[in-house]
Amino acid sequence: MLPIQEIVEKENLTKEDIVTLLTVKTKEEQDVLLQKANAVKEQFVGKKVYLRGLIELSNICGKNCFYCGIRAENNNTKRYNIPDEEVVEVIRFAKSNQFSSVVIQSGELCNFAFTKRITRLLEKIQNISEEQFRVTLSLGEQSEETYREWYNAGAQRYLLRIESSDRELYRTLHPNNKLHDYEARLKCLQVLKRIGYQAGTGVMIGLPFQTFENLADDLLFMKNLDIDMVGMGPYIEHEDTPLYQYRESLLPIKDRFDLSLRMIAILRILMKDINIASTTALQSIDPEGREKGLLAGANVLMPNLTPLKYRDNYMLYENKPGVFQDEEESVVYIKKVVNSAGEEIAQDYGDSLHFKKKRQF
Ligand code: 5AD
Ligand code: SF4
């Protein structure tokens, strides 16, 4: 028996075990890991894929993360903000295409006008959806009061990636100021959980200066935080960002892809009943990236429903896919992705089973 086979069957994985799994050298070993993760997924969450329609509401951002193409100081990006009427149209489209949920994502803004705008938008969504709908927000760090206001206005889920759980690496990836403070971000995740949101986080994989130990710690961080959902994917360099200067030091892109699949697989083994997204960044490296993510243990896909005219301005990283695919094509394509992974689209909301079980206690 391969040592990998023994490790994946263990009841509790240590950090050392996780590093071993992250650094397997052969395809055969990687397949043992991915197949185990897929079996765990089938047993605990089934062969169903949940669709969340992604709306990239605005690329206006007040922050300057060193990796991100829409950072405030990048003047090569044309800024946009989708008006509420168009967002409501997208929601109608999502509903009529059997999506039971959307994710509203945007650059990070913390001001009164933005907070109120989101509250009003959530109320409009409630009005058209007769409560048969779930809204996930991914709007960055906000005050507890704001998070509560949005929760009360109808948002049930919130995604806030920790980006890297290692304090030192986090500091390397962000400007050193109050706006980019690790402790503040961590506190937001705790507040979100306390309010009652289904809380999601995630990290980038294959960042400059990131070690395999960092990635193992990221997975243990998610487990310790007892998170309900995760979206994580490969780091992809962007020309107009400070981190671009370190591109020579990165793992080859194909290795970052495989490493991302292994991260998904190990997370599924560690946290059997959470929701894990197969992210767009995977697809930007491999056209079949999202199918491969599903087969490695992911159970959520987030087809992009942002109206096409805004799409090429939400360039977090280079070669972001789907820029030419409109909403209709996105839906057709995503159904193909699900079929080719041998799975089917789930019809329910897809609340995290992990979250539901916690609620029962
Ligand atoms: N490569 C991959 N993911 C990125 N993100 C931002 N920049 C990049 C990049 N260069 C991710 C971050 C952020 C999400 C909106 O996009 O994880 O949370
Ligand atoms: Fe803004 Fe998010 Fe990009 Fe950071 S990662 S610059 S907060 S959009």
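**Close-up 1. Thr115 and its contacts in the predicted model.** Setting aside neighbours within four places in sequence, Thr115 touches Thr146, Glu149 and Trp150. Thr115 itself sits in helix H5, which covers residues 112-129. Is Thr115 buried or exposed? With a relative accessible area of 8%, Thr115 is buried, because that value falls under the 20% cut-off.

**Close-up 2. Thr172 in helix H7.** Helix H7 takes in residues 167-173, and Thr172 is part of it. Here the relative accessible area is 35%, so Thr172 counts as partly exposed, in between the 20% and 50% limits. Once neighbours within four places in sequence are left aside, Thr172 is in contact with Phe66 and Phe209. If you want a ruler across the model, try Thr172 to Leu121: these two are 51 residues apart along the chain, and their C-alpha atoms are separated by 36 Å.

**Close-up 3. The Tyr147–Tyr197 ring pair.** The aromatic pairs in this model come to eight. Tyr147 and Tyr197 make an edge-to-face pair, with 6.5 Å centre to centre and 75° between the planes. This pair links distant parts of the chain, 50 residues apart: Tyr147 belongs to helix H6 (residues 144-152), while Tyr197 is in the loop between helix H8 (182-195) and strand E6 (198-201). Tyr147 and Tyr197 are both buried. Which residues share an aromatic cluster with this pair? Tyr151 and Tyr158 do, joining Tyr147 and Tyr197 in one cluster.

**Close-up 4. The Tyr170–Tyr182 ring pair.** Tyr170 and Tyr182 are also edge-to-face, at 5.4 Å centre to centre and 80° between the planes. Tyr170 comes from helix H7 and Tyr182 from helix H8, so the pair ties together parts twelve residues apart in sequence. As for burial, Tyr170 and Tyr182 are both buried.

**Close-up 5. Helix H14, end to end.** How far apart are the end C-alpha atoms of H14 (residues 327-340)? They are 20 Å apart, which agrees with the 20 Å that 14 residues should span at 1.5 Å a residue. The buried residues of H14 are Ser330, Val331, Tyr333, Ile334, Val337 and Val338. Some background for reading that list: an α-helix has 3.6 residues a turn, so residues three or four places apart point the same way. After H14 comes Gly342, with a positive phi near 70°.

Definitions and conventions: Residues numbered from 1 in each chain as written. Chains lettered and ligands numbered in written order. Predicted model: local features only at pLDDT ≥ 70, side-chain atom pairs only at ≥ 80, totals over all residues. Heavy atoms only, no water. Helix = DSSP H or I, 4+ residues; strand = E, 2+ residues; numbered from the N terminus. Buried < 20%, exposed > 50% of the residue type's maximum accessible area, 1.4 Å probe, protein only. Contact = heavy atoms within 4.5 Å. Expected span 1.5 Å × (residues − 1). Phe/Tyr/Trp six-rings, centres within 6.5 Å; stacked < 30°, edge-to-face > 60°.
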